[in-house]
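Visitor: I am new to this structure and would like to go slowly. Please take one part of it, the nonpolar core with whatever adjoins it, and look at it closely with me.

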Amino acid sequence: FPSHDSGDIVLFDSPMEHITFVKRVIGVGGDNISFDNGVLQINNERVAEQLQEDRTLLEDMGDGSACNTGEGKSLYVEKFNNSGHFHYILRSVKGGNTNLETRTWTVPTGKLLVVGDNRDCSNDGRYWGYVDSERIYGKAVRVFYSINSGDGWLPKFRTDRFFAKLQ
């Protein structure tokens, strides 16, 4: 996968554990990345986002734990300037880690800055640094299967998400 763009969803081995991470690229070599009151900025340009008033999308989200549900969160549509594609992100209603973020990252050549779409509950590049672009071994394009393990001892399969196209 020789080239990556902001907005791509990539797969790589976690730098902390031996598991596969799936994260969104927000910065490539040479980009300056920051957050302004929780809103992503790439090279000093705010990424377009719009609050979604319809909360039905949040009803079947996560695994029931406080960090992985739509409760106490706002849902936004985020659209990178380099593409016509949009995707959803979650941010804490009362202001979370992303709202408090004040750093600026200058992404080195050959590296990527990646984050999760559940911005205030994501173990991502803001905490453990850049990903070497050569460590990327795939781009995610579809959900294979999806479960919600929040209730009881049997997982709930979210069949409406099986093979859904990722944005």
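Guide: A nonpolar core is a set of buried Ala, Val, Leu, Ile, Met, Phe, Trp, Tyr and Cys residues joined through side-chain atoms within 4.5 Å, where buried means under 20% relative accessible area, exposed over 50% and partly exposed in between (1.4 Å probe, protein chains only). The model is predicted, so local features need pLDDT of at least 70 and side-chain atom pairs count only at pLDDT 80 or more, while totals for chains, interfaces and linings use all residues. Residues are numbered from 1 along each chain as its sequence is written, and side-chain values use heavy atoms, with hydrogens and water left out.

The largest nonpolar core consists of eleven residues, namely Ile26, Ile33, Phe35, Leu40, Ile42, Val47, Phe80, Trp105, Val107, Leu113 and Val115. Two or more of these residues come from each of β3 (32–36), β4 (39–42) and β10 (111–115); strands are DSSP runs of E with at least two residues, and helices are runs of H or I with at least four, numbered from the N terminus. A second core, separate from this one, has nine residues, among them Val10, Val25, Leu112 and Ile136.

Phe80 is a good residue from which to look around. Leaving aside residues up to four places away in sequence, Phe80 touches (heavy atoms within 4.5 Å) Ile26, Leu40, Ile42 and Val47, which belong to the largest core, and its other contacts include Val25, Arg24 and His87. His87 lies in strand β8 (residues 86–92), and because its relative accessible area is 3%, His87 is buried.

From the core we can pass to the sheet that holds β3 and β4. Four strands make up this open sheet in the order β5-β4-β3-β9, with antiparallel pairing; two strands pair if DSSP finds at least two bridges between them. At the edges stand β5 (45–46) and β9 (104–106), each with a single partner strand, so that one side of each has no neighbour in the sheet.

Between β3 and β9 there are three bridges, in the antiparallel sense. Along this pairing, Ile33 has Trp105 of β9 as its bridge partner, and these two residues are also both members of the largest core; Asn32, in turn, is partnered with Thr106 in β9. Four bridges join β3 to β4, again antiparallel, and one of the pairs in β4 is Val39 with Asp36. The two strands form a hairpin with two residues between them, and Asn37 in the turn has a positive phi of about 50°.

Asp36 also takes part in a salt bridge (a side-chain nitrogen of Lys or Arg within 4 Å of a carboxyl oxygen of Asp or Glu), its partner being Arg46, with the closest N and O atoms 2.7 Å apart. Asp36 belongs to β3 and Arg46 to β5, so the pair ties together parts that are ten residues apart in sequence. Asp36 is partly exposed at 31% relative accessible area, and Arg46 is likewise partly exposed, at 43%.

One last residue adjoins this region. Tyr130 sits in the loop between α2 (125–128) and β11 (131–132), and with a relative accessible area of 30% Tyr130 is partly exposed. Apart from residues up to four places away in sequence, Tyr130 touches Trp105, Val107 and Leu113 of the largest core, along with Thr106, Pro108, Lys111 and Leu112. The side chain of Tyr130 also reaches the backbone oxygen of Thr106, at 3.1 Å.

Key:
Polar contact = N/O pair within 3.5 Å; in protein donor to acceptor, adjacent residues only side chain to side chain.
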